[in-house]
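Visitor: Could you take me through one part of this model at close range? Please start from a single residue at the surface, and then work outward to its surroundings.

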Amino acid sequence: MISSETINEYLARLASREPTPGGGAAAALHAAQGAALVAMVARYTTGLKYEQHAELVQRIISAADGLVVKALRLADADEHAFQGVIDSYKLPSGTEDLKAARTASIQDALIRAAQTPAQLIKLAGAIVDLATELFEVANANVISDIAAAADAARAAASTARVNIDINVVAIKDAAARSRLADQTDGLEEKVILAADSLVGRVRGRILG
């Protein structure tokens with residue numbers, strides 16, 4: 001599992017000529033890092049100086065820590081789901097019945113594989129929302145990490161969108177494609193715009 005291996009082990013597997021882990025898992029780890037950065041900035045925004053914001057900051061810490069855990073689960077889920085697609089393509093197709101069963105298995109696997117990045121886009125949006133809330137009160141000494149968190153979430157959302165697209169184009173069921181579209185269409189653009197806006201605000205505060 002990605003969540004239990006070292007960084008070097010994960011990167012070695014990512015760099016290898018193996019189909020998993022791939023871009024979907026990498027996107028989830030972008031999100032995990034973004035959430036962790038939000039949690040870190042929030043933890044630096046504690047103590048007497050920030051006492052009036054203590055309730056907000058504690059809520060953000062709790063939420064960000066939870067998103068780290070969820071993002072890591074999505075990294076593992078994405079690897080598992082894509083392996084399911086690969087395994088389905090390897091099924092025998094020597095008879096009409098076997099061919100039909102293989103096609104059905106592939107389609108089911110593609111639909112499942114598109115679900116993880118769909119969840120990831122929503123998670124990335126939650127990270128940007130938390131970072132935006134925190135920006136207003138954050139410790140100025142670590143304000144650049146708000147931008148780093150937003151950019152990490154942005155990368156997660158845009159990568160997740162591409163992974164949805166590559167699965168959806170191979171899904172033959174129009175109703176399934178429509179359901180996926182309803183879940184995600186336009187959402188990643190909102191995340192990207194919100195992230196870009198927040199990074200701009202951070203840079204504006206740093207540069208004065």
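## A leucine at the surface

Guide: Leucine 11 is partly exposed, with a relative accessible area of 43%. That label applies because 43% falls between the limits of 20% for buried and 50% for exposed. The model is predicted. Leucine 11 sits in helix α1, which spans residues 7–15.

Leucine 11 has nonpolar company at the surface. Ile7, Leu11 and Leu14 make up a nonpolar patch there. Together the three have about 270 Å² of accessible area. Leucine 11 can join such a patch because its 43% is over the 30% that patch members need.

Leu11 also has a place in a pocket wall. The largest pocket counts Leu11 among its lining residues, and Ile7 as well. The volume of this pocket is about 250 Å³. Also in the lining are Ile2, Ser3, Glu5, Thr6 and Tyr10. Ala26, Leu29, His30, Gln33 and Leu72 complete the list. Two elements, α1 and α2 (23–43), give two or more residues to this lining. Helix α2 provides the largest share, with 4 residues. By class, the lining has 7 nonpolar, 4 polar and 1 charged residue.

Glu5 leads from the pocket to the charged contacts. Glu5 is one of the lining residues of the largest pocket. Glu5 also belongs to a salt-bridge network with Arg13 and Glu79, joined through shared partners.

How many salt bridges does the whole structure hold? The search finds 9. Three pairs are worth a closer look.

Take glutamate 133 and arginine 59. Their side chains form a salt bridge at 2.5 Å, N to O. Glutamate 133 is in helix α4 (residues 96–135), and arginine 59 is in helix α3 (residues 54–89). The pair links distant parts of the chain, 74 residues apart. Glutamate 133 is partly exposed at 32% relative accessibility. Arginine 59, at 42%, is partly exposed too.

Next come arginine 154 and aspartate 196. Their salt bridge is 2.7 Å, N to O. It ties helix α5 (residues 144–168), home of arginine 154, to helix α7 (residues 187–207), home of aspartate 196. The two residues are 42 apart in the chain. Arginine 154 is partly exposed at 28% relative accessibility. Aspartate 196 is partly exposed at 36%.

The third pair is glutamate 188 with arginine 161. The side chains meet in a salt bridge at 3.4 Å, N to O. Here, too, distant parts of the chain are linked: glutamate 188 lies in helix α7 and arginine 161 in helix α5, 27 residues apart. Are these two residues buried or exposed? Both glutamate 188 and arginine 161 are buried.

Helix α7 also holds leucine 187. Leucine 187 is partly exposed, with a relative accessible area of 24%. That value is over the 20% limit, so leucine 187 does not count as buried. Leucine 187 and glutamine 58 are 129 residues apart along the chain. Their C-alpha atoms are separated by 27 Å.

Now the second largest pocket. Its space comes to about 210 Å³. Pro19, Gly22, Gly23, Gly24, Asp78 and Ala81 are among its lining residues. So are Phe82, Ala113, Pro117, Asn163, Ile166 and Asn167. Helices α2, α3, α4 and α5 each give at least two residues to this lining. Its make-up is 6 nonpolar, 5 polar and 1 charged.

Last, the frame around these details. The chain has 7 helices and 0 strands. Along the sequence the pattern reads α-α-α-α-α-α-α. Its C-alpha atoms fill a box of roughly 70 × 35 × 30 Å along the principal axes. Of the 208 residues, 42% count as buried. Leucine 11, where we began, is partly exposed.

Note on methods:
Residues are numbered from 1 along each chain as its sequence is written. This is a predicted model: local features need pLDDT of at least 70, side-chain atom pairs count only at pLDDT 80 or more; totals for chains, interfaces and linings use all residues. Side-chain values use heavy atoms; hydrogens and water are left out. A salt bridge is a side-chain nitrogen of Lys or Arg within 4 Å of a carboxyl oxygen of Asp or Glu. Buried means under 20% relative accessible area, exposed over 50%, partly exposed in between (1.4 Å probe, protein chains only). Patches are made of residues with over 30% relative accessible area and no salt bridge: like charges are joined within 9 Å, nonpolar side chains (Val, Leu, Ile, Met, Phe, Trp, Tyr) within 5 Å. Accessible areas come from the Shrake-Rupley method with a 1.4 Å probe; for residues, only the protein chains shown count as cover. On a 1 Å grid over the protein atoms alone, a cavity is a set of points where a 1.4 Å probe fits but cannot get out, and a pocket is an open set with protein on both sides within 12 Å along at least five of seven lines; lining residues have an atom within 4 Å of a point. Grid points are joined across faces, edges and corners, and a volume is the space filled by probe spheres set on the points. Ala, Val, Leu, Ile, Met, Phe, Trp, Tyr, Cys and Pro count as nonpolar, Asp, Glu, Lys and Arg as charged, and the others, Gly among them, as polar.
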